[in-house]
Amino acid sequence: MANFNTDVGLSPDYGISIENNPKIIVLKFGDGFEQRLTEGLNQNPRKLALTFKNITESESDTLINFLNLRVTNADSFVYTPPNDVIGNFVIDSNYRKIINYSNRATVTVTFREVFEP
């Protein structure tokens, strides 16, 4: 399995958005009481919004090539967000490269955590 940290070797800029999406079923009873149940084994997947600002064209090419290969094969990859724990992720939506200056680019991408055997 591909590892983003070692294969790409870039750290995102701070301002990282880590969104948790707990899967909880809420049962509401007529008398005002409720019961909450977690759904499945992995109840709290993360979604990460990452930005890599003002990286070189070579670095952005490495990053985009890594992302393109994951999309082409529909593969997940290992990623360890800064100050967080390792997980398996897929690309959640569109990713974008902006060329800021000569030989400088910014790449934005969103990763979604998946749980696979």
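## Burial and the R46–D84 pair

A residue is called buried when its relative accessible area is under 20%, exposed when that area is over 50%, and partly exposed in between. In this predicted model, D84 has a relative accessible area of 29% and is therefore partly exposed, whereas R46, with a relative accessible area of 8%, is buried.

These two residues form a salt bridge, in which the closest N and O atoms are 3.3 Å apart. Because R46 belongs to strand β5 (residues 46–56) while D84 sits in the loop between β6 (77–79) and β7 (87–91), the pair ties together parts that are 38 residues apart in sequence.

## Two bridges to D92

The side chain of K47 meets that of D92 in a salt bridge, with a distance of 3.3 Å from N to O. This pair links distant parts of the chain, since K47 is in strand β5 and D92 is in the loop between β7 and β8 (96–101), 45 residues apart. K47 is partly exposed at a relative accessible area of 31%, and D92 is likewise partly exposed at 28%.

D92 also forms a salt bridge with R112, and here the closest N and O atoms are 3.1 Å apart. R112 lies in strand β9 (residues 104–114) and D92 in the loop between β7 and β8, so this pair ties together parts that are 20 residues apart in sequence. With a relative accessibility of 36%, R112 counts as partly exposed.

## A network and the total

Salt bridges that share partners also join K28, E34 and R36 into one network. The count of salt bridges in the model comes to eight, among them the pairs R46 with D84, K47 with D92 and R112 with D92.

Technical notes:
Residues numbered from 1 in each chain as written. Predicted model: local features only at pLDDT ≥ 70, side-chain atom pairs only at ≥ 80, totals over all residues. Heavy atoms only, no water. Salt bridge = Lys/Arg side-chain N within 4 Å of Asp/Glu carboxyl O. Helix = DSSP H or I, 4+ residues; strand = E, 2+ residues; numbered from the N terminus. Buried < 20%, exposed > 50% of the residue type's maximum accessible area, 1.4 Å probe, protein only.
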